[in-house]
Amino acid sequence: MKVVLATLNAKFIHTSLALRCLKAFSEHEFDIEIAEYTIKDPVMNIVADIYAKKPSVIGFSCYIWNIEETITVIDMLRKIMPELRIVLGGPEVSYDTAFWMERLTQVDYIVVGEGEETFHHLLTELRDTQKLHMVFGVAYRKERKDGTIEIIVNPPRPKLELAKLPSPYRFPEDIAGLQSRVTYFETSRGCPFSCQFCLSSIEVGVRYFDMERTKADLLYLIQSGAKLIKFVDRTFNIKRDYALEIFHFLIENHGGCVFQFEITADIMRPEVLDYLAEHAPPGIFRFEIGVQSTNDPTNAEVQRRQNFAKLSRTVTKVKESGKIDQHLDLIAGLPLENYDTFRKTFNDVFALGPEELQLGFLKMLRGTGMRRDADKHGYIYMDRAPYEILGNDIMPFSDIVRIKRVEDVLEKYWNAHRMDHALYYLIRQAFDSAFDFFQQFGDYWEGRGWQKIGHQLEDLFSRLWTFLSEVHILRTAEAGKHWQPEVALGLMKLDYYLNHKYKPRKVWWDFTMDKSAWNGWMQQLAKEPQDVSEAFATLGLGEKELHKHAVIELLPFDLELYLSEGILSLEAQSLLIVIYSGGGKEDGAAAKPFIQRLVSAKQRTGTM
């Protein structure tokens, strides 16, 4: 009996831990093959590939991001392979299971909840005695004597003993992809919290895998070439000693691999933070922190315990260590949070300076308390996955659409880190708050129809400058805001140059320095490099090399003083010099900036 375990991942780099857990549990007894696709793959290609494998049983792992695409695949498979037995599992079908059995008549069975033991038992019954009523945790159809079909949902299966589960991380066929794909890893199952918008709130208690097995599996993955391991534990740091032991093990054995954890920041112990600040190598750990909202009534309504003051101290301490990147999450549309309070939430969290700020929208997931009590707050939401809200009693659809514009430019500009210097300046000096910057720019972006077209790097810079020059300079002047557009432009030029690995062939602004002035600067830099800095002089670049590998730009303010101390001075100009090595990470940054401070009248005019 050939069994294929399949799923449609969101991206190619993603991998399915669930499929590997199922295969590891049953491969000693059944011929099982894993088949992973993406939601962007042409459905005909997916169906043709599965058809070529000639399975007797196929199981699909279903989530909100792939359920509708999976249904399309199932519809086609049923038509061309009528004898194929189709099994669904995963969080999307583990709740409202009878609904799915009624909607998807082409599906034979649904595995509810933890699937390893249930799926194995189901395969055994399909092969042997067909006693499906004995398979706890499965839903199926039964034909009655009168010819009617009854949907049967068996009682749930007791929680598994994690120590008895075989490792899902040691399949030889996975080794080739470890360097280019994300490896998902679990050290525990369950969550201690009861946030009503989250599926994890349904399962009570936390269970842990054996520590020594966990270490052995991690070491195997690292030594086999894994480059990014994401821990899927819902609250990795709930047990201090357990988390600390794994942190210590990874620091000792990381081998250049990067590890991402989902942590609860307000319960992170100071001694753990001190340990990480002292011992963690820079860049090997990333923290994902779900803030969601800083509005206390909202958190109380969704049964979310959160101390934002403690969370802020943790995030700040981690940031000050310079060792760990932090990804902070927000959810727009939670109960008792309107547009204005969400603006405050956004600004509260942005002020912490996370490397990434993820803005999501509330989804009414099947099985959650939020979906069950949706009418209490007047929620309307999508009927099909991902069940995203369309509004509630205090946040209408019009506000949802406005915040969507914030999300759009936040992703393109802040989270992509294409122009950090310029954005920091604009948000602090030119706008009332970070949220106001992203909202006003997002409104302008959509008003120009830019959301409908593609974007090159230079487009992103020129469009921000168009917004600032056409709208915001006038608006802020009328409002009495004190900022210097020429400083913003200068910082944008710096950011643009730093975004390139090789010397850019073009710029998005009007380059006004004439050829003779350019040549004069190149001669001067080659002749007296010590006027720039000792580090620049040690490069030993001649005039020919400078012409080939350098860009220069005159800026009307003291750039070095601003970058080092945050002080803006127009008393001096700056010559920005960026040298391009074209090297990779092993060579350090490909674009190396240098700054010459210009104070004399001769230097100010750019004449030599």
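Cys21 is buried, at 9% relative accessible area; buried means under 20% relative accessible area, exposed over 50%, and partly exposed in between, with a 1.4 Å probe and protein chains only. The structure is a predicted model, in which local features need pLDDT of at least 70 and side-chain atom pairs count only at pLDDT 80 or more, while totals for chains, interfaces and linings use all residues. Residues are numbered from 1 along each chain as its sequence is written, and side-chain values use heavy atoms, with hydrogens and water left out.

**Cysteines**

A disulfide is a pair of cysteine sulfur atoms within 2.5 Å. A search of the whole structure finds 0 of these. Cys21 takes part in no disulfide, and the nearest cysteine sulfur, in Cys62, is 16 Å away. For Cys191, the closest cysteine sulfur belongs to Cys198, at 6.3 Å, which is too far for a bond. Cys191 is also buried, with a relative accessible area of 10%.

**Nonpolar cores**

A nonpolar core is a set of buried Ala, Val, Leu, Ile, Met, Phe, Trp, Tyr and Cys residues joined through side-chain atoms within 4.5 Å. In soluble globular proteins, nonpolar side chains tend to be buried together. Here the largest core has 151 residues, and those with the most contacts inside it are Phe60, Phe285, Phe346, Phe438 and Leu464. Helix H17 (residues 485-498) supplies the largest share of this core, 8 residues. Helices (H or I, at least four residues) and strands (E, at least two) are DSSP runs, numbered from the N terminus. A second, separate core has 19 residues, including Ile32, Phe119, Val135 and Tyr140.

Contact means heavy atoms within 4.5 Å. Apart from neighbours within four places in sequence, Leu464 is in contact with Tyr413, Met419, Leu423, Leu426, Phe437, Phe441 and Met492.

**Helices H14 and H17**

The axes of helix H14 (residues 420-429) and H17 come within 7 Å and cross at roughly 155°. H14 is therefore roughly antiparallel to H17. Axes are lines fitted to C-alpha atoms, for helices over the stretch in contact, and angles run from 0 to 180 degrees between N-to-C directions. Angles under 35 degrees count as roughly parallel, over 145 as roughly antiparallel, 65 to 115 as roughly perpendicular, and the rest as oblique.

On the H14 side, the residues that meet H17 are Asp420, His421, Ala422, Tyr425 and Leu426. They face Val487, Ala488, Leu491, Met492, Leu494, Asp495 and Leu498 in H17. By class, this contact has 9 nonpolar, 1 polar and 2 charged residues. Ala, Val, Leu, Ile, Met, Phe, Trp, Tyr, Cys and Pro count as nonpolar, Asp, Glu, Lys and Arg as charged, and the others, Gly among them, as polar.

**Three further residues**

The table gives the element and relative accessibility of three residues.

| Residue | Element | Relative accessibility |
|---|---|---|
| Thr183 | strand E8 (residues 183-185) | 9%, buried |
| Ala18 | helix H1 (residues 17-26) | 28%, partly exposed |
| Thr38 | strand E2 (residues 31-38) | 11%, buried |

The contacts below leave out residues up to four places away in sequence. Thr183 touches Thr15, Leu178, Leu221, Ala226, Leu228, Ile229 and Lys230. Ala18 touches Ser61 and Tyr63. Its C-alpha atom is separated by 59 Å from that of Gln530, 512 residues apart along the chain.

Thr38 touches Leu8, Asn9, Lys11, Phe12 and Ile46. Thr38 and Asn9 are 29 residues apart in sequence, and their C-alpha atoms are 4.5 Å apart in space.
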